Structure formats: structure tokens, C-alpha cells
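Welcome! Please take a look at the sequence and the structure below, and then work through the exercises at your own pace.

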Amino acid sequence: MSFCQPGEREVARLTKQIQAFSEEHGGSEGHLEHIGQAGTRIVLVGADGLWGDLVAPTYALAERAAEQAGLTLHEEFDGEFAAKVVTGPYEWTRMAGIQIGGPSDR
């Protein structure tokens, strides 16, 4: 009888998703961010500058998935790492839409 650690299926799922993102974007780096009771956000930035995110139920599971996927993690999302993110028209209208006349959520 084999026993697996709690959350192993979740770690395996997140690991596959991180690896798929990395393959699609020529490599990737990441940052883990606590988001309260919802868990931990895994922010992924591809070598091409495109980004995405995943949510893990806990910080420990996010760390395990990142490690198993071979993801380089940054302690902070600032400076040189943040400069790698490429934003397009969609992001600009969503981030500042109300202030600059873009689409609203209403």
C-alpha cells in the first residue's frame, strides 16, 4: 500500500500547468504571493514577456509545484523581474479602464 503526501494530486496538476506554460513561452520565472484564504497565487512570466497565474490552496503546495516544475522563483515582484512583463492593449484597458475611458465591468 502506498501513501502520498496531502495535496500530491494538486501539486502534480499545478506542476504540469507550470511546465506547459514554460514550454509555450520559451521558459518562465515566477513569484508566489499569499492571497488570503483563497491560497497562494503563482505568477508566471514567460521568456517572451507574456504572463499568467495559477492558484494553489496553500503556500507549501505552490512551493512544491514550482520546485517540481523547475521554476525559478523571485522573492519580490519588482525591479528587473517586473520589467520582463509585456502588457498589451487588453491589460491597459482592464487595469485603468475606468480612469481612462476603457471598458468597465458594469
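Contact here means that heavy atoms lie within 4.5 Å. Please keep in mind that this is a predicted model.

**Exercise 1.** Find out where Pro-57 lies and which residues it touches, not counting residues up to four places away in sequence.

Solution.
- Step 1: Look for the loop that links strand 3 (51-56) with helix 2 (59-69); Pro-57 lies there.
- Step 2: Search for contacts of Pro-57, leaving out residues up to four places away in sequence, and you find Glu-10, Ala-38 and Gly-39.
- Step 3: Take Ala-38 and compare two kinds of distance: Pro-57 and Ala-38 are 19 residues apart in sequence, while their C-alpha atoms are 6.5 Å apart in space.
- Step 4: Check the accessibility. Partly exposed covers the range between under 20% and over 50%, so Pro-57, at 44% relative accessibility, is partly exposed.

**Exercise 2.** Describe how strand 2 (residues 40-46) is enclosed and how it pairs with strand 1 and strand 3.

Solution.
- Step 1: Begin with burial. In strand 2, 6 of the 7 residues are buried, so the rest of the structure largely encloses this strand.
- Step 2: Turn to strand 1 (residues 28-34), which pairs with strand 2 in the antiparallel sense over 7 bridges. Within this pairing, Thr-40 of strand 2 has His-34 opposite.
- Step 3: Follow the chain between these two strands. Their hairpin has 5 residues between the strands, and Gly-36 takes a positive phi near 75 degrees.
- Step 4: Now try the other partner. Strand 2 and strand 3 run antiparallel and are joined by 6 bridges, with Val-43 opposite Asp-53 of strand 3.
- Step 5: Strand 2 and strand 3 also form a hairpin, this one with 4 residues between them, and Gly-49 in the turn has a positive phi of about 90 degrees.

**Exercise 3.** Is Ser-28 buried or exposed, and which residues is it in contact with beyond its neighbours within four places in sequence?

Solution.
- Step 1: Locate Ser-28 in strand 1.
- Step 2: Its relative accessibility is 16%, and buried means under 20%, so Ser-28 counts as buried.
- Step 3: Setting aside neighbours within four places in sequence, the contacts of Ser-28 include Phe-21, Ser-22, Val-45, Gly-46 and Leu-71.

**Exercise 4.** What kind of aromatic pair do Phe-77 and Phe-81 form?

Solution.
- Step 1: The count of aromatic pairs comes to 1.
- Step 2: In the pair of Phe-77 and Phe-81, the centres are 5.0 Å apart and the planes make 75 degrees. Planes over 60 degrees apart count as edge-to-face, so this pair is edge-to-face.
- Step 3: Add accessibility: Phe-77 is partly exposed at 34%, whereas Phe-81 is buried at 3%.

Note on methods. Residues numbered from 1 in each chain as written. Predicted model: local features only at pLDDT ≥ 70, side-chain atom pairs only at ≥ 80, totals over all residues. Heavy atoms only, no water. Buried < 20%, exposed > 50% of the residue type's maximum accessible area, 1.4 Å probe, protein only. Pairing = 2+ DSSP bridges. Phe/Tyr/Trp six-rings, centres within 6.5 Å; stacked < 30°, edge-to-face > 60°.
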